[in-house]
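Here is a protein model to walk through, pocket by pocket. Keep the 3D view open as you read.

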Amino acid sequence: MIIKKQYIDGEWVDSISNKTREIINPFNQEVIATVPESDESDTQKAIAAARNAFDNGTWATTPATERGQIVSKIADLIERDKEELAELESLDTGKTVEESRGDMDDIAGVFRYYAQIADKDGGEIIDSPIPNSISKVVKEPVGVCGQITPWNYPLLQASWKLAPALVTGNTLIMKPSEITPLTSVKVFELMEEAGVPAGVVNLVLGAGNTVGAELSTNLDVDLISFTGGIETGKKIMQAASVNVKKIALELGGKNPNVVFADADFEIAVDQAMNAVFFHAGQICSAGTRLIVEESIHDEFVSALVKRVNNIKMGSGFDEDTQMGPLISQEHLTKVANYVEAGIKEGATVATGAKRPEAAELQKGFFYSPTVLTNCTTDMKVVQNEGFGPVITVEKFQTEEEAMKLANDSIYGLAGGVWSKDIAKAERCVAKMRMGTVWINDFNLYFPHAPWGGFKQSGIGRELGKLGLEEYQETKHVFHNLKPEAINWF
Ligand code: NAD
């Protein structure tokens with residue numbers, strides 16, 4: 001049994017109330033860890049520590065090169081402890097260890113990327129229209145940042161927030177999902193080891209409606225960065241208005257994957273599966289709306305179903321497992337109800353739509369990979385994010401119709417288009433209202449490119465240079481080298 005504490009002002013502490021929460025393995029429902037269950041008072045303590053660490057100026061005035069070196073050291077330590085982190089992530093989320101190893105490489109890459117650009121943009125001198133003056137634009141940290149993460153990619157989502165906030169000189173309080181805090185705790189241990197000063201990074205473990213709500217409303221928090229569901233995002237947006245906090249929201253997606261008849265058939269089938277069933281579909285950018293040209297629809301669905309039926313479910317620790325369980329009983333019920341509602345709306349089950357029958361999967365929160373055909377854009381199962389291993393298939397005849405279907409969503413996170421006709425693919429990309437669009441690929445991302453949503457999929461961007469700028473204020477400094485009286489009054 002793992003017993004963990006939380007990190008406030010450079011100390012590893014229990015919750016003030018001494019309450020704890022048990023962390024469950026979604027593969028077999030065994031308790032794997034006990035962690036503190038904090039509330040508003042613990043959060044206030046962490047905010048005060050972050051406020052003090054920001055206001056005393058030590059971290060904000062540490063040269064950017066030095067901050068970058070510390071963040072680079074965090075990347076080294078993640079690489080050193082990659083196997084331990086990967087196993088912990090799999091234990092906590094149910095995903096395969098192979099997937100978690102990939103996550104850890106990506107996470108180290110994010111810390112490394114931000115470490116490398118930490119000292120590359122100190123601002124600029126602009127041509128002043130006023131004689132005898134200097135006009136310069138400087139970048140400064142925003143201040144105290146509240147960071148709230150979801151359970152699907154616990155440490156990956158944390159890294160997208162921690163690394164840019166740190167290299168730009170902010171202080172922060174992180175609240176991971178209460179279901180999956182374990183790798184976040186471990187990375188705070190590594191940040192301490194890397195030499196991040198006390199009070200600069202603080203970790204509070206607890207629920208959204210206590211710890212998360214306090215972070216969103218507290219007047220001493222200057223910025224709130226949130227990744228999670230759309231309804232929570234709306235609440236945070238409202239709460240953050242209390243002191244006009246800066247907000248960055250990475251919300252959900254219901255992402256179209258458009259396949260034209262002239263696409264490479266085998267690759268498109270393979271990637272359509274990958275787009276949805278990776279991590280059991282618990283991916284914000286999962287290509288859950290498959291939109292296929294009518295002339296290849298039947299052949300495409302039958303090739304897809306044949307392969308989907310061979311997906312091997314099991315423990316993330318078994319080498320031949322391709323898909324693990326869903327995160328919790330609550331989420332399993334939600335996904336099952338979502339599919340049932342889709343069937344009632346008229347969708348046809350091409351495969352799945354049930355729990356698997358194998359005896360060894362009964363204790364885990366497994367749901368069979370599901371393909372629903374005869375779907376239309378007015379159905380809730382096509383419009384709402386299910387966040388499970390479920391594809392809905394729609395058909396189209398013309399490019400215009402495909403684009404209409406692709407854009408018919410309140411979400412705008414990501415989408416893909418498959419075609420060998422380059423001009424057609426580019427025409428589609430220009431029409432697709434999403435933050436990321438792939439041509440002949442799906443779900444690929446890297447730290448250098450920005451990530452975020454159009455429409456209700458969010459506000460702001462993570463990753464890339466824009467992800468850094470979320471954590472910076474811009475100040476214009478005008479310096480008059482030859483001051484004179486104005487003599488107006
Ligand atoms: P969620 O919104 O339920 O919870 C996310 C976090 O918010 C958790 O830490 C939770 O405790 C906290 N929270 C809950 N209520 C809160 C409140 N009132 N105030 C402050 N914090 C609160 O989401 P989830 O179920 O953990 O994650 C799944 C969702 O995350 C999906 O919708 C998915 O699309 C989205 N997501 C988006 C991205 C992206 O990059 N756009 C990435 C990963 C996940």
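Start with the way the lining of the largest pocket is shared. Domain 1 (2-251 + 457-476) and domain 2 (256-439) each give at least three residues to that lining. Keep in mind that this is a predicted model.

How much space lies in the largest pocket? About 1300 Å³. Its lining counts 44 residues. Nearest the centre of the largest pocket lie Trp151, Phe226, Gly228, Gly229 and Thr232. Several elements each supply at least two residues of this lining. They are the helices α6 (154-167), α8 (208-217), α9 (230-240) and α12 (329-345), together with the strand β11 (223-227). By residue type, the lining of the largest pocket has 18 nonpolar and 18 polar members, and eight charged ones.

Now turn to the second largest pocket. Its volume is about 400 Å³. Which residues come closest to its centre? Of the 19 that line the second largest pocket, they are Tyr153, Phe278, Ile283, Asn443 and Tyr445. Two elements, α5 (97-117) and α6, give two or more residues to this lining. The largest share comes from α5, with four residues. The lining of the second largest pocket divides into ten nonpolar, six polar and three charged residues. Here, too, domain 1 and domain 2 each provide at least three residues.

Next, look at the ligand. Around it are 29 residues. Those that come nearest are Thr149, Glu178, Thr232, Leu251 and Glu385. Thr232 is also among the residues nearest the centre of the largest pocket.

Which polar atoms lie by the oxygen atoms of the ligand? Lys175 offers a side-chain atom, and this polar atom is 2.9 Å from a ligand oxygen. Two glycines use their backbone instead. A polar backbone atom of Gly228 is 3.4 Å from an oxygen atom of the ligand. For Gly229, a polar backbone atom lies 2.8 Å from a ligand oxygen. How much of the ligand does the protein bury? Taken alone, the ligand exposes 850 Å², and the protein buries 87% of that.

Definitions and conventions: Residues are numbered from 1 along each chain as its sequence is written. This is a predicted model: local features need pLDDT of at least 70, side-chain atom pairs count only at pLDDT 80 or more; totals for chains, interfaces and linings use all residues. Side-chain values use heavy atoms; hydrogens and water are left out. On a 1 Å grid over the protein atoms alone, a cavity is a set of points where a 1.4 Å probe fits but cannot get out, and a pocket is an open set with protein on both sides within 12 Å along at least five of seven lines; lining residues have an atom within 4 Å of a point. Grid points are joined across faces, edges and corners, and a volume is the space filled by probe spheres set on the points. Ala, Val, Leu, Ile, Met, Phe, Trp, Tyr, Cys and Pro count as nonpolar, Asp, Glu, Lys and Arg as charged, and the others, Gly among them, as polar. Domain bounds come from an automatic or database domain assignment. A residue is near a molecule or strand if one of its heavy atoms lies within 4 Å of it. A polar contact is a pair of N or O atoms within 3.5 Å; within protein, one must be able to donate a hydrogen and the other to accept it, and residues adjacent in sequence count only if both atoms are side-chain atoms. Accessible areas come from the Shrake-Rupley method with a 1.4 Å probe; for residues, only the protein chains shown count as cover.
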